[in-house]
Amino acid sequence: MLVGMSTVGPNEGMREGDGPTIAPGQLVVVATPIGNLGDLSARALEVLLSADVVYCEDTRRSRTLFSAHGATPRRRLQTLHEHNENATSVEVIERVARGELVALVSDAGTPGISDPGARVVAAVLDAGLRVSTVPGPSALIAALSISGLATERFVMEGFMARKPGERAATYESWRHEGRTVVFYESPQRLTTTLDELAQLFPSRRVVVARELTKVHEEVVRGTLAQVATTMRAREVLGEIVVVLDGVAERARVSDEVVAAALDESLARGLTLRDAVALVVAELGVSHRETYALALRRRAEGAS
Ligand code: SAM
């Protein structure tokens, strides 16, 4: 069955305001908090409590979530993680086909987003069965929405690659990326990644969103050069999303932005020629105009 051809609504026969708002005989992908347990929605709790079975990445974590809400799931919790997702998909299909309400959660956030879930969703759809959503928290959307960077168009890269060759290729693909880039990074590798990126695009804006919705929530904003320096000087702990500005279109790059990028490169000790080359590569601006601007600024004593 083609996913795009599906026309059956998930809640047919149900009235607005009726309780349980999700009909049986489907898989429901339920988002759960990324830190603050208070972010579980009323509808998420209702579905988790009324589901015939809840598939969880880690049943202990999900029990903690339930008990924080003073609730006990009606039926058993089952595990679904990346190592058993294919095998478990068959079981999920059988349950949905016999009319059960099957809920799926991950440890935190939205299942299927850098988490198990996408394969079971595809399998249930391929079997011609219903899948619906109880939307809610996701670290990538939470970070992007408070980044202050452009949100109209963005690209999610998942977890940053670990192998040097793959990392270099990823960075290269961002050289001319106009959309905002979002990726997940571990605290152990954050400073290395920021240092590597700062070498390539020192004046590009970046936001490091750490421990969102938790006690030690912190959002660090600045240019890559600034944020890399800040983070290098500290011990980095917790869960992290990095949001990186896209490259401004040539027409939108003002002289002020080019001048600031030149000043930053010169302040790092680059020669005028190297600073111009870096800014041209980074911002995609004209070499002739940037060189002329650099000479003007030097004549004016700006740097
Ligand atoms: N499915 C989840 C979602 O929708 O947010 C993402 C799961 S992924 C395995 C976990 C990664 O998400 C963490 O390593 C971190 O990069 C990011 N993350 C999760 N919770 C976070 C939080 N509270 N603050 C910042 N980043 C978080």
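Let's start with Q78, which at 19% relative accessibility counts as buried, because the cut-off for buried is under 20%. This is a predicted model, so please hear everything that follows in that light. Q78 is found in strand 3. What is Q78 in contact with, leaving aside its neighbours within four places in sequence? The list runs V53, V54, Y55, C56 and T59, and then E91 and R95.

Several of those partners take us straight to the elements around Q78. Strand 2 covers residues 53-56, and helix 3 covers residues 85-97. So let me walk you through the sheet they belong with.

This is an open sheet of five strands, and the pairing is parallel. Read across, the order is 3-2-4-1-5. Which strands are at the edges? They are strand 3, residues 77-79, and strand 5, residues 130-134, each of which pairs on one side only. From one strand to the next, the twist averages 25°.

If you'd like one pairing to look at on screen, take strand 2 with strand 4, residues 101-104. The two are joined by three bridges in the parallel sense. Y55, which we just met as a contact of Q78, has L104 in strand 4 as its bridge partner.

Now put helix 3 back on the picture. Helix 3 lies across strands 1, 2, 3, 4 and 5, and it runs at about 160° to strand 2. Strand 1, for anyone following along, is residues 26-30.

Let me step back for a moment to the whole chain. How many helices and strands are there in the protein chain? Eleven helices and ten strands. The chain has 303 residues, and buried residues make up 45% of them. Along its principal axes, the C-alpha trace spans about 80 × 45 × 40 Å. And here is a figure I like: of the contacts with a separation of 6 or more, 71% are between residues 24 or more positions apart.

On to the other sheet I want to show you. Five strands form this open sheet too, in the order 6-7-10-8-9, and here the pairing is mixed. Its edge strands are strand 6, residues 154-159, and strand 9, each pairing on one side only. The twist in this one averages 15° from one strand to the next.

Within it, strand 8, residues 205-210, and strand 10, residues 240-244, run antiparallel and are joined by five bridges. V206 stands opposite L244 in strand 10.

Two helices go with this sheet. Helix 7, residues 190-200, lies across strand 7, strand 8 and strand 10, and runs at about 150° to strand 7. Helix 8, residues 224-232, lies across strand 8, strand 9 and strand 10, at about 135° to strand 9.

Is T223 buried or exposed? Buried, because its relative accessibility is 12% and the cut-off is under 20%. T223 sits in strand 9, residues 218-223. Not counting residues up to four places away in sequence, T223 touches P202, S203, R204, R205, V206 and E264. So V206 turns up again, the residue opposite L244. For a sense of distance, the C-alpha atoms of T223 and E157 are separated by 20 Å, and the two residues are 66 apart along the chain.

E264 leads us to the last part, since helix 9 is residues 255-267. Helix 9 packs against helix 10, residues 272-283, at an angle of about 130°, with the axes 9 Å apart. The two are therefore oblique to each other, and helix 9 passes helix 10 in a right-handed crossing. From helix 9, the residues in the contact are V257, V258, A261, L262, S265 and L266. They meet L272, A275, V276, L278, V279 and L283 in helix 10. By class, that contact has eleven nonpolar residues, one polar and no charged.

Helix 10 also packs with helix 11, residues 287-300. Their axes come within 10 Å and cross at roughly 135°. Helix 10 and helix 11 are therefore oblique to each other, and this crossing is right-handed. Here L272, V276, V279 and V280 in helix 10 meet H287, T290, Y291, A294, L295 and R298 in helix 11. The residues of this contact divide into seven nonpolar, two polar and one charged.

That's my tour, and thanks for listening!

Technical notes. Residues numbered from 1 in each chain as written. Predicted model: local features only at pLDDT ≥ 70, side-chain atom pairs only at ≥ 80, totals over all residues. Heavy atoms only, no water. Axes fitted to C-alpha atoms, helices over the stretch in contact; angles between N-to-C directions. Helix = DSSP H or I, 4+ residues; strand = E, 2+ residues; numbered from the N terminus. Parallel < 35°, antiparallel > 145°, perpendicular 65-115°, else oblique. Left-handed = near helix turned anticlockwise from the far one by under 90°. Contact = heavy atoms within 4.5 Å. Nonpolar A, V, L, I, M, F, W, Y, C, P; charged D, E, K, R; others polar. Pairing = 2+ DSSP bridges. Buried < 20%, exposed > 50% of the residue type's maximum accessible area, 1.4 Å probe, protein only.
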